[in-house]
Amino acid sequence: MNSADYTSQDVTRVLFQDFPTWMILSFYAVAITAIAIFLYGVWAQIRKYRRGVRSGAWAPFWPRFRDMVGTVLSHRTIRRRAPRAGRIHSWIFYGFLVLFIGTSLITLDYDILGPMGIRLWYGWYYLAFGFVMDIAGVALVAGLLYMMYRRKWLALPKLDYTRPDRNPGDPDYDRSDYRREDWAFLWLLIAIGITGFLLEAARVVWLQGQPAVWDFRWHAPVGTSVAYLMMGLGLGSEGAGSLRIGLWWFHGILALSFIALIPYTKVKHIFTAAGSLMARDPDGKRRMPAADVDAEKIGFANLTDFTDKYLLNADACTKCGRCHEACPANASGYPLSPRDLVLSLRELANDNLSRSAMPEGPIRVIGDGVNMIRPETLWSCRTCAACTEICPVGVEHLPMIVQMRRALVEEGNFDPMLQPTLKSLQKSGNSLGETKRKRPRWTRSLDFQIKDARKEPVDVLWYVGDYASFDPRSQKVTMTFARILHAAGINFGILYEDEQTAGNDVRRVGEEGLFQSLAEANIELLESCDFKTIVTTDPHTYNTIRNEYPEFGGKYVIEHASSMLERLIREGRVPTPVNLDYRVTYHDPCHLGRINKGSEPPRQVIDQLGLDLIELPRNRDNSFCCGAGGGRIWLADSPEMKKPAELRAAEAAGIAGLDVLIVNCPKCLNMLEDGVKGTGNEGSFRVMELTELVAEAMGLSADPASDREAEKEPA
């Protein structure tokens with residue numbers, strides 16, 4: 001800055017120049033009003049959350065805060081499975097953030113430090129930050145335009161707010177208000193961004209005679225480009241001055257309106273999403289919330305039973321539809337959309353908890369009333385955690401659904417088809433209505449004796465599970481796994497008729513009292529045995545013993561069978577001399593792959609067997625549920641509904657030349673074999689358990705008697 005005409009102090013942003021006093025006072029009056037409306041709205045939201053049960057979900061504060069900041073800044077949850085949308089959203093986020101910081105610095109410089117004789121916003125600092133703000137404005141507007149294109153012209157199904165849990169004509173069926181809010185949000189931000197550039201351009205034209213402005217005009221390249229366009233259209237300094245005042249007020253009113261509306265509209269997700277991410281339970285998919293079964297009531301029947309965290313979750317939802325898209329119940333035509341469930345909770349809370357005075361009496365959440373969540377919606381859930389897994393803002397749908405199911409079970413309001421299953425579980429400890437003495441009957445077909453872990457020490461205690469013990473098709477897999485362990489020289493045993501279901505689906509169906517009774521009895525039995533580790537072929541059993549039994553004092557080292565098989569093959573304890581020349585695909589069980597991050601050991605086994613693996617379109621933590629979880633295997637699917645297992649089988653059928661659909665869970669085996677039959681693909685490919693393929697590679701047949709006969713034949 002070597003000109004004698006001005007100093008660096010003159011190179012600054014013109015704010016109120018040529019404004020009469022009344023106009024300046026009017027602006028501050030509007031600004032104070034906007035801030036007051038904002039602060040009241042913030043207080044009303046906090047009051048709403050405080051009317052729920054205190055959860056303490058934000059402790060320990062600083063570790064959670066650091067993790068939240070890292071998640072927000074990296075956009076990692078938004079970019080998952082939608083990298084382009086996540087990248088564009090980061091343009092909006094960082095563009096808005098930089099512009100907000102810049103505006104805040106101007107306020108700091110003019111209204112706080114300025115009266116004290118301190119100035120920051122001038123010279124090269126002002127020029128550099130002004131340039132950054134120009135680029136940020138471009139990123140913001142470009143990102144918003146893309147989101148408009150994505151919403152309108154791509155017409156993604158997940159952004160359609162048609163409710164599967166309501167019928168046309170229901171008073172709460174129409175959610176067009178949400179669409180209008182979305183578009184208003186986009187247009188308001190775009191208008192703020194564009195009027196900012198227009199104001200900048202008008203300022204350049206208006207002050208083109210001042211060297212301190214004109215000589216440095218290109219620090220704002222977008223505004224200057226628009227200024228040249230204005231001048232090309234004949235706009236002079238005087239006209240630009242008048243235009244600048246009009247634009248100044250229009251832009252200012254838009255910006256202040258945006259601030260005032262934050263607590264009352266979608267805009268609040270800027271803050272509620274951060275709070276929701278900070279409160280997120282890293283084990284929320286694996287471990288359902290604890291409950292005192294001796295309390296007067298359990299579960300969430302009323303709105304005030306929900307914790308502050310879940311009420312915040314409801315406000316954090318951005319309606320992105322990722323949970324809606326991932327939900328197997330929704331895809332099958334059931335009246336469940338995780339997004340709509342959360343939005344119903346939001347609307348119910350806004351209607352009843354946002355007022356200064358609380359309504360009289362309990363505020364029921366479950367029922368047929370407006371914005372209430374219907375029982376059939378809750379019973380549609382497979383508890384596969386696909387919704388909780390993919391939510392970019394940390395909404396925990398699954399624990400909320402289980403809590404509401406607990407309230408239904410407490411009231412006796414559940415599907416009549418559950419009654420015999422729950423009675424069987426109480427009486428005999430299994431869900432198939434079989435007597436306890438039949439549980440180990442499959443062992444009689446083996447040519448060796450399995451140790452009784454109740455009576456003698458073992459290295460590995462095998463927790464077999466219900467379907468693996470009683471279901472005829474799964475029994476074949478069970479016997480196969482036993483023979484592999486025997487061939488590998490593993491010192492293992494089972495609990496024979498004293499084994500009961502681990503209780504995973506019992507807890508998720510909402511029968512918390514029965515679950516805790518089963519868990520305590522099972523832990524007592526396990527504590528009486530002498531073993532080092534537990535193995536199971538059932539991912540549901542694996543999840544509960546690993547993640548939920550510690551809550552009741554049962555801490556054990558447990559692994560899924562696929563992990564053990566991978567290790568045994570790698571260590572050479574299970575030889576696999578037979579080359580399996582199959583083209584295969586693999587279905588990740590929800591409780592192993594998504595919920596417990598056990599996607600790789602099964603694939604390593606597949607690789608060790610030399611199989612040609614073609615991945616399903618949805619795999620690993622994005623696997624599509626077979627439909628068995630959350631007690632749904634105990635309930636018949638309605639004939640008019642598409643079964644999740646049939647949708648999954650159809651995905652597999654789309655793989656050319658497929659020989660085998662590999663499963664890794666007794667329930668998945670049961671469901672997907674039916675799914676293959678239901679889609680007419682029974683002759684196209686087989687459904688096999690991973691254990692069966694390992695046995696085939698070892699040269700073991702599916703029938704132990706056949707092997708014994710083969711051994712008798714002369715060479």
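Which side chain meets Arg287 in a salt bridge? Asp281 does, at 3.4 Å from N to O. The legends below take that pair and several other spots in turn, and everything shown comes from a predicted model.

**Figure 1. The whole chain sets the scene for the close-ups.** Here we have 715 residues, 56% of which count as buried. The chain has 30 helices and nine strands, and its C-alpha atoms fill a box of roughly 110 × 65 × 50 Å along the principal axes. Among contacts between residues at least 6 apart in sequence, 81% join residues at least 24 apart. The exposed area is about 30,400 Å², with carbon and sulfur atoms supplying 57% of it.

**Figure 2. Arg287 and Asp281 meet in a salt bridge.** Both partners sit between the buried and exposed classes. Arg287 counts as partly exposed because its relative accessibility is 29%, and Asp281 counts as partly exposed at 23%. This pair belongs to a structure that holds 53 salt bridges.

**Figure 3. Arg80 and Asp621 form a salt bridge across the sequence.** Their closest N and O atoms are 3.0 Å apart. Look for Arg80 in the loop between α3 and α4 (83-113) and for Asp621 in the loop between β7 and α27 (644-653); the pair therefore ties together parts that are 541 residues apart in sequence. Arg80 is partly exposed, at 26% relative accessibility, and Asp621 is partly exposed too, at 28%.

**Figure 4. Arg382 and Asp637 meet in a salt bridge at 2.9 Å, N to O.** The two residues link distant parts of the chain, with Arg382 in the loop between α15 and α16, Asp637 in the loop between β7 and α27, and their positions 255 residues apart. Is Arg382 buried or exposed? Arg382 is buried, because its relative accessible area is 3% and the cut-off for buried is under 20%. Elsewhere, a network of salt bridges links Arg406, Arg507, Arg508, Glu512, Glu548 and Glu551.

**Figure 5. Ser380 is tucked into the loop between α15 (375-379) and α16 (386-390).** At 2% relative accessibility, Ser380 counts as buried. Which residues touch it, once neighbours within four places in sequence are left aside? Ser380 is in contact with Ala329, Tyr334, Pro335, Leu336, Arg405 and Arg632.

**Figure 6. Met404 and Trp462 have the most contacts inside the largest nonpolar core.** That core has 134 residues, and helix α22 (residues 512-527) gives the most to it, with seven residues. Beyond its neighbours within four places in sequence, Met404 is in contact with Phe300, Phe306, Leu341, Val365, Ile366, Ile373 and Leu378. A second, separate core has 23 residues, including Phe27, Ala212, Phe216 and Trp248.

**Figure 7. Five residues make a nonpolar patch on the surface.** Ile37, Tyr40, Trp43, Ile46 and Tyr264 build this patch of about 500 Å². Ile37 lies in helix α1 (residues 21-50) and counts as partly exposed because its relative accessibility is 38%. As background, nonpolar side chains in soluble globular proteins tend to be buried together.

**Figure 8. Five strands form an open sheet with parallel pairing.** Their order is β1-β3-β2-β4-β5. At the edges stand β1 (451-452) and β5 (558-560), each with a single partner strand, so one side of each has no neighbour in the sheet. Strands β1 and β3 pair over two bridges, and Asp452 stands opposite Ile494 in β3.

**Figure 9. Strand β6 (residues 583-586) pairs in the parallel sense with β7 (residues 612-613) and with β8 (residues 660-663).** The pairing with β7 runs over two bridges, and Arg583 stands opposite Asp612 there. With β8 the pairing runs over three bridges, and Val584 stands opposite Val660.

**Figure 10. Three backbone spots reward a careful look at the angles.** Most residues other than glycine have a negative phi, and most peptide bonds are trans. A cis peptide bond joins Ala59 and Pro60, with omega at about -5 degrees; Pro60 lies in the loop between α1 and α2 (61-74). His75, in the loop between α2 and α3 (76-79), has a positive phi of about 60 degrees and is buried at 3% relative accessibility. Tyr496 has a positive phi near 50 degrees. Tyr496 is found in the loop between β3 (492-494) and α21 (504-509), and is buried with a relative accessible area of 11%.

Note on methods:
Residues numbered from 1 in each chain as written. Predicted model: local features only at pLDDT ≥ 70, side-chain atom pairs only at ≥ 80, totals over all residues. Heavy atoms only, no water. Core = buried A, V, L, I, M, F, W, Y, C linked by side-chain atoms within 4.5 Å. Buried < 20%, exposed > 50% of the residue type's maximum accessible area, 1.4 Å probe, protein only. Helix = DSSP H or I, 4+ residues; strand = E, 2+ residues; numbered from the N terminus. Contact = heavy atoms within 4.5 Å. Patch = residues over 30% accessible without salt bridge, like charges linked within 9 Å, V, L, I, M, F, W, Y side chains within 5 Å. Areas by Shrake-Rupley, 256 points an atom, 1.4 Å probe, with all protein chains shown as cover. Salt bridge = Lys/Arg side-chain N within 4 Å of Asp/Glu carboxyl O. Pairing = 2+ DSSP bridges.
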